[in-house]
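Hi,

Here is the structure I promised to send over. Have a look at it first, and then read on for my notes on what turned up.

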Amino acid sequence: AEPELTPEEIERLPKPEEMTVETDLTVFLRKGVPAALRNAALRRMWSLDPAIRDYVSEAREYAYDWNVPGGVPG
């Protein structure tokens with residue numbers, strides 16, 4: 001089991017707005033990282049990485065607009 005991060009270690013983590021695709025996200029997943037910081041880092045990485053951001057799964061039928069006529073093909 002990993003030890004919990006100290007406040008000093010948390011201060012040294014990269015700021016989510018400064019993250020790039022190459023930033024190591026695993027440091028934000030360690031024990032002791034505040035949930036708000038962890039979530040901000042995950043959201044930032046989600047928007048940066050095209051493999052995540054542009055992924056379209058086979059569950060596309062859930063993306064149709066079922067509430068308007070013509071919103072679903074077929």
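Charge first: the protein carries 9 positive and 14 negative side chains, and the centres of the two sets are 3 Å apart. Here Lys and Arg count as positive and Asp and Glu as negative, with His and the chain ends not counted; each charge is placed at NZ of Lys, CZ of Arg, CG of Asp or CD of Glu.

Please keep in mind that this is a predicted model, in which local features need pLDDT of at least 70 and side-chain atom pairs count only at pLDDT 80 or more, while totals for chains, interfaces and linings use all residues. Residues are numbered from 1 along each chain as its sequence is written, and side-chain values use heavy atoms, with hydrogens and water left out.

Now the overall architecture. The secondary structure comes to 3 helices and 0 strands, in the order α-α-α along the sequence. The radius of gyration is 18 Å, well over the 11 Å that the globule rule gives for 74 residues, so the protein is more spread out than a compact globule. (Helices, H or I of at least four residues, and strands, E of at least two, are DSSP runs numbered from the N terminus; the radius is taken over C-alpha atoms, and the globule rule is 2.2 Å times the number of residues to the power 0.38.) Along its principal axes, the C-alpha trace spans about 55 × 20 × 20 Å. One pair that you may like to display is Glu9 and Asp65: they are 56 residues apart along the chain, and their C-alpha atoms are separated by 46 Å. Glu9 sits in helix α1 and is partly exposed, at 28% relative accessible area.

On the surface side, the accessible area is about 5900 Å², of which 56% belongs to carbon and sulfur atoms; this comes from the Shrake-Rupley method with a 1.4 Å probe, and for residues only the protein chains shown count as cover. Buried residues make up 16% of the 74, where buried means under 20% relative accessible area, exposed over 50% and partly exposed in between (1.4 Å probe, protein chains only).

So which residues make up the largest nonpolar core? There are 9 in all: Leu5, Ile10, Leu13, Met19, Phe28, Val33, Leu37, Ala41 and Met45. The largest share, 3 residues, comes from helix α2 (residues 35-48). A nonpolar core here is a set of buried Ala, Val, Leu, Ile, Met, Phe, Trp, Tyr and Cys residues joined through side-chain atoms within 4.5 Å.

Leu37, in helix α2, is buried at 19% relative accessibility. Beyond residues up to four places away in sequence, Leu37 touches Ile10, Leu13, Pro16 and Phe28, where contact means heavy atoms within 4.5 Å. The C-alpha atoms of Leu37 and Leu13 are separated by 9.7 Å. With the same neighbours in sequence set aside, Ala41 touches Pro16, Met19, Leu25 and Phe28.

Two residues in the loop between α1 and α2 are also worth a look. Thr23 lies there and is buried, with a relative accessible area of 18%; leaving aside neighbours within four places, Thr23 is in contact with Pro14 and Met45. Lys15 belongs to that loop too, but counts as partly exposed at 38%. The C-alpha atoms of Lys15 and Ala40 are 9.2 Å apart, with their positions 25 residues apart along the chain.

Best wishes
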